[in-house]
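Please open the structure in your viewer and keep the selection box within reach. We will go from stop to stop, choosing what to select and reading what is there.

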Amino acid sequence: MWMVSPPVGIFQYTKKLFLSRPVGRAQALEFIRKNAANALSMANLIVGLSSILSSLNRQYHCSCWLLLVGFLLDLADGAVARQLNACSALGAKLDDFADFTSFGLATALLLQPRGMLDGLLAIVYVLAVFARLCFFSSGIPFTYRGLPCPYASSLLASTFLLTGGHITLLRIAAIAMVLFMVDRGFYPHDKVLESQSWKKVIYAGGIVAVLFSPTTVAPIYYLAWSASYILLPFAIWSCKA
């Protein structure tokens, strides 16, 4: 009876893995260290795609909650990359693509474009996010130029949930967020998970709000969080790390 021998490469890899467990463990830990932030960015991308599908199926409330989860993931992936010293060009591109998907395309669909003007506003919003991600480099440490799009997305999602999807108010808020994003004024790099303890408490509160708070409490929490950063960036959120 003929027996099929396993490929030489797989056999040698398995033998090496079991004969040198410390080396294999070290390699696994190094792989996790290098890709932990990328995994968070990928999770943000999946959340953004899920939000898009929810909006296309007219499940806008579900889309808003997914965007709030994406907001938390986006704040976490940069902190993880810096703390693990795992920043890379690939990771930056993946993060930008995830941000564009979640905070650009998925957020613009909350505007529910029906006619030409509505569609134009959605396109302008997406282009504002694109410009913010690709062309607005401050050149100053711990500082952004223009409003970071996750905060604009969080504010719009919170507004949608609090107003029951009042389209007029939502579109007014979207126009304001476009102006904030394309403006070249400075915003502090808040570094929520790498700065003062009270910022970490606010982040933890955001997790609790999404998981356990009543449906009216979480949107108020995120609206206050986003509005405080948008309107009083340096007075409240200036990085002291």
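What follows is a short tour of a predicted model.

**The whole chain**

Begin with the cartoon view. The protein chain has 10 helices and two strands, and from the N terminus on the order is α-α-α-α-α-β-α-α-β-α-α-α. If you colour by accessibility, 45% of the 241 residues count as buried. Now turn on contacts: among those with a separation of 6 or more, 76% join residues 24 or more positions apart.

**The nonpolar core**

Next, select Y125, L147, Y151, L156, M177, M181 and W225. Within the largest nonpolar core, which has 45 residues, these touch the most other members. Two or more residues of this core come from each of helix 3 (60-83), helix 4 (89-108), helix 5 (116-135), helix 6 (149-163), helix 7 (167-182), helix 8 (197-212) and helix 9 (217-231).

Stay with M177 for a moment. Which residues is M177 in contact with, leaving aside its neighbours within four places in sequence? They are Y125, L147, A152, L155, L156 and I230.

**Aromatic rings**

Show the side chains of Phe, Tyr and Trp. A search of the whole structure finds 13 aromatic pairs. Zoom in on F130 and F135: their ring centres are 5.9 Å apart and the planes meet at 80°, so this pair is edge-to-face; the angle is over the 60 degrees needed for that label. F130 is partly exposed because its relative accessibility is 38%, while F135, at 53%, counts as exposed.

Now move to Y229 and W237. Are these two residues buried or exposed? Both are buried. Their rings also pair edge-to-face, with 6.5 Å from centre to centre and 70° between the planes.

Widen the selection to F71, Y151, Y187, W198, Y221, Y222, W225, Y229 and W237, and you have a cluster linked by ring pairs. Two of its members, Y151 and W225, were also on your list for the core.

One more ring deserves a click. Select F136 together with R184: R184 lies over the face of the F136 ring, 4.2 Å from the ring centre.

**The largest pocket**

Switch to a surface view and look for the largest pocket, with about 870 Å³ of space. To find its centre, select R82, D95, D96, Y144 and H189, the closest to that point of the 39 lining residues. The elements that give two or more residues to the lining are helix 2 (21-56), helix 3, helix 4, helix 5, strand 1 (143-145) and helix 6. Which element gives the most to this lining? Helix 3 does, with seven residues.

**Two last stops**

Select G185, in the loop between helix 7 and strand 2 (186-188). G185 counts as partly exposed because its relative accessibility is 23%. Beyond its neighbours within four places in sequence, G185 is in contact with Y144, R145 and G146. Try the distance tool on G185 and Y144: they are 41 residues apart in sequence, and 8.4 Å separates their C-alpha atoms.

Finish at L56, in helix 2. With 58% relative accessibility, L56 counts as exposed. Add Q112 to the selection: L56 and Q112 are 56 residues apart in sequence, and their C-alpha atoms are 9.3 Å apart in space.

Terms used:
Residues numbered from 1 in each chain as written. Heavy atoms only, no water. Phe/Tyr/Trp six-rings, centres within 6.5 Å; stacked < 30°, edge-to-face > 60°. Buried < 20%, exposed > 50% of the residue type's maximum accessible area, 1.4 Å probe, protein only. Lys NZ or Arg CZ within 6 Å of the ring centre and 35° of its normal. Core = buried A, V, L, I, M, F, W, Y, C linked by side-chain atoms within 4.5 Å. Helix = DSSP H or I, 4+ residues; strand = E, 2+ residues; numbered from the N terminus. Contact = heavy atoms within 4.5 Å. 1 Å grid on protein atoms, 1.4 Å probe; cavity = no way out; pocket = protein on both sides within 12 Å on 5 of 7 lines; lining within 4 Å. Points joined across faces, edges and corners; volume = space filled by probe spheres on them.
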